[in-house]
Every structure is written in structure tokens, then in C-alpha cells.
Amino acid sequence: MSAAVVAYPPLRRRVVNVAMLTLSGLCTLLVVGVLLTILLYLLWNGAHSLTLHFFTQLPAPVGEPGGGVRNAIIGTLKLLSLATLIGVPIGLLGGIYLSEFAGGWSGFAVRYTTDLLNGVPSVVMGIFVYTLVVLPMHHFSTLAGGIALGIMMIPIALRSTEDFLRAVPRSLREGGLALGASKSETIFTIVIPAAIYGILTGILLDIARVAGETAPLLFTAFGNQYDSPGWLQPTASLPVVIYNYAISPYDSWHQQAWAAGFVLLSGLLAVSVVARLILARGKKLSHG
Amino acid sequence: MARSFSANAVQIRRPDIDRFAHSDAAAERERNQLPWPQFTVADLNFFYGNHQALKNINLIVPNRRVTAFIGPSGCGKTTLLRTFNRMNETVPNTRVEGRIRLGEHDLFSYPVTTLRRVVGMVFQKPAPFPKSIFDNVAYGLRLEHRLNKREMAEKVEQSLRRAALWDEVKDKLHQSANGISGGQQQRLCIARALAVDPEVLLLDEPCSALDPISTAKIEDLLFELKEFCTIVIVTHNMLQAARVADYVGFFLNGELIELNRAKHIFQNPDQQQTQDYITGRFG
Ligand SMILES: Nc1ncnc2c1ncn2[C@@H]1O[C@H](COP(=O)(O)OP(=O)(O)OP(=O)(O)O)[C@@H](O)[C@H]1O
Ligand SMILES: [Mg+2]
């Protein structure tokens with residue numbers, strides 16, 4: 001039996017290897033650490049306010065203890081529903097158009113506009129919707145806030161839909177066409193179902209992204225001490241409540257701001273975990 | 001002038017099918033016991049942009065026979081196959097010249113979706129839809145027909161049986177088609193194509209990714225399929241062509257060098273180039 005000769009890589013390569021591993025490990029720790037620190041910090045500072053009442057009551061007047069942010073939670077949910085209703089259909093259809101139908105010129109135009117739209121500062125978006133919706137209607141409203149957030153959702157919904165559709169292999173499209181399906185039948189019965197988990201994930205992450213936007217809401221949904229009936233009244237929302245409480249001079253409001261921040265961030269984390277689960281499930285389904 | 005000369009040259013090279021190619025008397029075909037032409041291709045040129053992939057192709061694909069296309073990589077076999085069901089039209093910036101008839105009619109006179117149901121295709125790499133096995137086979141049926149549940153189930157079973165896959169998947173019809181082996185997936189793609197009762201089946205290197213057992217199963221299948229279907233198969237495997245094909249066409253650099261009965265091609269081809277290729281001297 002001959003002795004096995006194990007050839008170690010040269011020293012330099014081993015050193016570089018260890019160094020890089022350590023570096024990337026440290027970076028990972030840093031990212032995870034920052035997130036954990038924020039969460040714990042929010043919890044630490046807001047824990048005192050995080051009672052059941054915090055979720056079920058309206059804000060208490062200054063000086064009175066207790067009170068909650070029920071109106072802001074409901075307001076944020078309403079704003080996000082409206083934004084989804086506006087942003088997702090446009091983003092979906094635009095993404096389908098870009099990936100399946102757009103020619104060189106129109107594709108370039110749509111893609112370029114979308115990228116520009118994505119780059120518009122959120123405060124500018126707020127002012128834009130303020131002039132377009134709030135001024136003519138003479139008051140702030142859930143509707144205006146939803147429109148602002150909805151417009152902000154379009155670019156990402158559109159580009160992520162486009163990306164996931166493009167990732168569907170050409171062989172699947174050809175398989176459909178070769179069976180006598182028309183182009184649109186192929187798109188709607190094969191391509192979109194094959195990409196649906198990815199598309200859903202993209203939309204959820206998009207919702208999570210605009211959920212924390214504050215600036216556009218300041219000019220559109222404004223704020224409200226009470227529940228906001230219907231869609232045409234000003235409404236409270238978590239980000240704006242956090243902002244207002246945080247800049248106030250009162251300690252009890254500061255605490256509430258921390259707590260509201262914790263609620264918002266936990267909600268976003270939950271949404272992105274769900275999004276990951278959906279994507280993983282889609283992968284599992286399509287790879288057997 | 002040059003054009004008709006080269007067309008004639010091709011005719012001379014394949015006497016036994018050309019005899020009926022230019023005779024329109026059906027009676028003569030019957031008398032000679034020769035198959036009807038399924039595809040008749042005349043002066044076909046095909047371009048990808050400026051690159052000419054097919055050069056002045058003239059040939060006949062006989063009905064209910066297996067015709068194999070052989071030739072070195074890049075000689076245009078796939079391109080020709082994909083003009084038969086007009087899949088090449090989905091590739092941007094391409095151009096086709098010349099005439100192709102399917103049966104009695106111009107290929108381009110059919111609505112393209114109808115044509116593709118009549119001329120089914122199986123690609124080199126199996127690409128089942130990310131749906132259940134059942135839904136894969138039912139896909140083509142659902143596009144056109146309103147079948148009730150029982151009819152649909154029967155048709156799916158029949159197609160899977162024809163593709164020699166039924167016994168292996170009958171207990172997992174509603175599982176994902178991505179969960180079966182590559183060989184099974186390829187037979188699933190064949191079943192999927194058969195479900196809509198095509199008259200022609202185009203197979204582009206259907207066995208290139210398969211093990212010998214799966215390959216043998218598909219080859220057996222071809223013998224049964226040609227009872228009711230015209231088959232055109234592209235293959236790089238000379239033995240496979242010899243086993244399954246009734247007719248063999250040899251292509252080189254976008255030109256059809258020779259198309260003839262398989263026996264003739266493999267035993268004493270008319271062209272030196274064919275001889276060189278099948279004996280492995282180049283390509
Ligand atoms: N989509 C395309 N765009 C441009 N050129 C192409 C395209 N597809 C094929 N070609 C070219 O056309 C010629 C014929 O290609 P084709 O795929 O028909 O060859 P083939 O005989 O099937 O080869 P193989 O045995 O490798 O599959 C080749 O020169 C190839 O480079
Ligand atoms: Mg090929």
C-alpha cells in the first residue's frame with residue numbers, strides 16, 4: 001500500500017483564504033448585529049409602553065399615562081392596502097409588458113422612466129401628491145397617502161416582476177408554443193405560474209419597503225388623534241406617529257415612539273420572513 | 001439556371017423517393033406502395049440575420065415513416081426541424097425563403113397555432129412545465145377542447161401509455177413533473193405532444209441526455225408511433241439512426257447532401273461526404 005500524498009496548497013493561499021473567511025464572517029456578524037441591536041434597543045426603550053392597551057387604545061392626551069396607537073396601526077394597514085391596490089396591478093402589468101412584449105425602444109423608455117421614478121426622493125413624491133390630490137380636495141386623506149405610497153411601489157414591483165419572468169427558461173415558453181398555445185396563452189398559463197412565487201415575494205418585500213416611509217405621508221395622510229373613518233379623512237400611521245412622538249418634548253411620548261418603532265419593525269420582519277418562505281416553497285415545488 | 005440545376009442534382013441523388021415527389025398521380029403512389037409526402041420542401045433558404053443556416057434545401061419527408069436527419073454540429077438540422085412547425089418565427093431577426101407544403105397545402109397557409117398542434121415537437125432537453133404530471137399532458141388538450149373529467153383522464157392515460165410512461169407514473173399523476181427522472185421527463189414531453197393527436201412528431205435529439213435504457217424505450221416507442229404519425233428525428237447517434245429510421249438525410253454546412261432509404265445511406269451512399277461522415281472520418 002502506497003502512502004497517500006496530501007498536497008497542501010501553498011502557504012500564501014492558505015493565509016489569503018483564512019483572512020477572507022474571517023473578513024466576510026466579521027461583515028456578516030456586523031450586519032446581523034446591527035439589526036439585532038436596533039431590535040433590542042427598541043424593545044428595551046419601548047417595553048414599558050408595550051402593553052395590550054398600546055394596540056387597542058387611542059393616544060392619550062399629553063400628561064395622561066397610557067394610551068395606544070390603535071389608530072396608527074389601522075391607518076398604516078389601510079394605507080398599505082390602498083398602496084398595494086394601486087401599485088401592484090400597475091407594477092405587474094408593466095413587468096409583464098417589459099419582459100414579454102416590449103420592443104427595444106419602448107422597453108428602454110419604460111425601463112428608464114421606472115428607474116427615474118425609483119430615484120425620486122420620497123419627500124418629493126409627498127409634495128407631488130399633495131399638489132395633485134390634497135390641494136384639489138382641500139384636505140389630507142388616507143386616499144392621498146395611499147396614492148403616494150402606491151406610486152412609490154410601482155418601480156420595484158415592476159422591475160422584480162420583470163426579473164422573475166425573464167428568469168423563466170426559454171424552453172418552457174417554447175414548450176407551450178410548440179403545443180399550439182398562442183403567445184399570450186403561453187404567458188398566462190406557463191410563464192407567470194412558473195414565476196408566481198418569485199413575483200409574490202417581490203411584492204411583499206415592496207410592501208415592506210414602503211411601510212416605513214414617513215416623508216410622503218407627512219404631506220398626504222398627515223396624522224390624526226382619532227380613528228379615521230372611510231378613506232377621505234386624514235389618518236394616523238405608524239411612521240408619522242413615531243416621527244411626531246420622537247420630536248415631542250415629552251418622555252412618555254418618546255417611550256411610545258420606541259414601542260411603535262418596535263411594532264413596525266417586527267411587522268416588517270414578519271413580512272420578509274413570509275416572503276422568504278414563499279420563495280423557498282416555490283423553489284421546492286419547481287425542483288421536485 | 002443554376003438553381004434548377006442544383007434542384008435536379010438533388011433529385012438524381014435520391015431516386016427512390018423522387019419518383020413520387022414530382023408525380024401528382026396518387027394512383028402511382030399506391031401502385032408503388034410508396035408513402036405519401038408529409039412535407040415537401042422546395043428551394044428552402046433560412047437566415048439568422050445575415051448568416052445563412054439552410055441553403056437551397058429540396059426534400060420530401062414521407063408520411064408515417066421515420067426520417068432521421070444526421071450531420072455534424074451546426075449544419076442546420078435543428079433549424080430545418082424548427083421551420084417545419086414554424087418555431088423559428090419566434091426567434092427575432094430571422095428570414096425564411098422557399099416553399100414548404102404540409103400534405104397538400106402550403107405550410108404557411110395554416111394558422112400557426114393550428115399548425116403546431118398538427119406538427120408536434122419534442123426538444124433536446126426535456127422541459128416539463130412546473131405543474132403536475134397530469135397537467136403537463138392535459139395542457140394541450142385544455143387549450144382547444146372542452147373535455148369532461150372522465151374524457152380528460154382517459155386521454156391523459158392513453159397518451160402516457162403511448163409514451164410508455166403510464167406504469168411508472170400512474171400512482172403519482174398529481175405530483176410535480178420535475179420530480180421524475182430525466183428519461184421519464186423526456187417521455188412525458190412526448191406524451192404531452194401526443195395528447196393533441198399530432199400528425200407529425202418532430203424530435204430534436206430526444207435521447208442525447210438519456211441513459212441506454214431510456215433511449216431504448218424511446219426507440220421502441222418510435223416503432224409504435226409511426227403507425228399513426230410521421231416522425232422526423234435529429235440524432236448524432238449513427239447507430240440510433242440505423243435502428244429507427246426508414247429514411248436518412250445527411251446535412252453538411254446548411255446543405256442537404258443526400259436523402260435516401262436508411263439502408264442505402266448506411267450501406268452504399270451516393271456521396272463521398274456521406275460515406276466519410278458515417279464512417280467517422282470527419283465531423
Ligand atoms: N438563434 C440563432 N441565432 C443565430 N444563429 C443561429 C441560431 N441558432 C442556430 N444558429 C446558427 O445556425 C447554424 C445551424 O444551427 P442548428 O442549430 O440548426 O445546427 P444543428 O445542426 O442543429 O447543430 P447541433 O447538432 O449542434 O444541434 C449554426 O451555424 C448556428 O450557429
Ligand atoms: Mg441541433
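Which helix gives the most to the shell around ligand 1? That is α4(B), with 3 residues, and the legends below start there. Everything shown comes from a predicted model, in which local features need pLDDT of at least 70, side-chain atom pairs count only at pLDDT 80 or more, and totals for chains, interfaces and linings use all residues. Residues are numbered from 1 along each chain as its sequence is written, chains are lettered from A and ligands numbered from 1 in the order in which they are written, and side-chain values use heavy atoms, with hydrogens and water left out.

**View 1. The shell around ligand 1 in chain B.** Ligand 1 is surrounded by 13 residues, where a residue counts as near if one of its heavy atoms lies within 4 Å. The closest are B:Ser73, B:Gly74, B:Thr78, B:Thr79 and B:His236. By class, the shell divides into 4 nonpolar, 7 polar and 2 charged residues; here Ala, Val, Leu, Ile, Met, Phe, Trp, Tyr, Cys and Pro count as nonpolar, Asp, Glu, Lys and Arg as charged, and the others, Gly among them, as polar. Both β2 (51-62) and α4 (77-84) of chain B supply at least two shell residues each. Such elements are DSSP runs numbered from the N terminus: helices are H or I with at least four residues, strands E with at least two.

**View 2. Oxygen atoms of ligand 1 beside B:Ser73, B:Gly74 and B:Thr78.** Take a look at the side chain of B:Ser73, which has an N or O atom 2.4 Å from an oxygen atom of ligand 1. For the side chain of B:Thr78, the corresponding distance is 2.5 Å. B:Gly74 takes part through a polar backbone atom, 2.8 Å from a ligand oxygen. On its own, ligand 1 has 630 Å² of accessible area, and the protein covers 63% of this (Shrake-Rupley method, 1.4 Å probe; for residues, only the protein chains shown count as cover).

**View 3. A nonpolar surface patch in chain A.** A:Trp105, A:Phe108, A:Tyr112 and A:Leu116 make up this patch, with about 550 Å² of accessible area together. Patches are built from residues with over 30% relative accessible area and no salt bridge, joining like charges within 9 Å and nonpolar side chains (Val, Leu, Ile, Met, Phe, Trp, Tyr) within 5 Å. A:Trp105 belongs to helix α4 (residues 104-119) of chain A. Its relative accessible area of 69% makes A:Trp105 exposed (buried is under 20%, exposed over 50%, partly exposed in between; 1.4 Å probe, protein chains only).

**View 4. A salt bridge between helices α4 and α6 of chain A.** A:Asp115 pairs with A:Arg159, their closest N and O atoms being 2.7 Å apart. This pair links distant parts of the chain, 44 residues apart: A:Asp115 sits in helix α4 and A:Arg159 in helix α6 (residues 142-166). A salt bridge here means a side-chain nitrogen of Lys or Arg within 4 Å of a carboxyl oxygen of Asp or Glu. A:Asp115 is partly exposed at 43% relative accessibility, and so is A:Arg159 at 25%.

**View 5. Salt bridges within helices α6 and α7 of chain A.** A:Arg166 and A:Glu162 have their closest N and O atoms 2.9 Å apart. Why are these two separated by about one helical turn? Because they are 4 residues apart in helix α6. A:Glu162 is buried at 2%, while A:Arg166 is partly exposed at 45%. In helix α7 (residues 170-178), A:Glu174 and A:Arg170 are likewise 4 residues apart, and they form a salt bridge at 2.9 Å. A:Glu174 is buried at 9%. Shared partners join A:Arg111, A:Asp115, A:Arg159, A:Glu162 and A:Arg166 into one network of salt bridges.

How values were computed. Polar contact = N/O pair within 3.5 Å; in protein donor to acceptor, adjacent residues only side chain to side chain.
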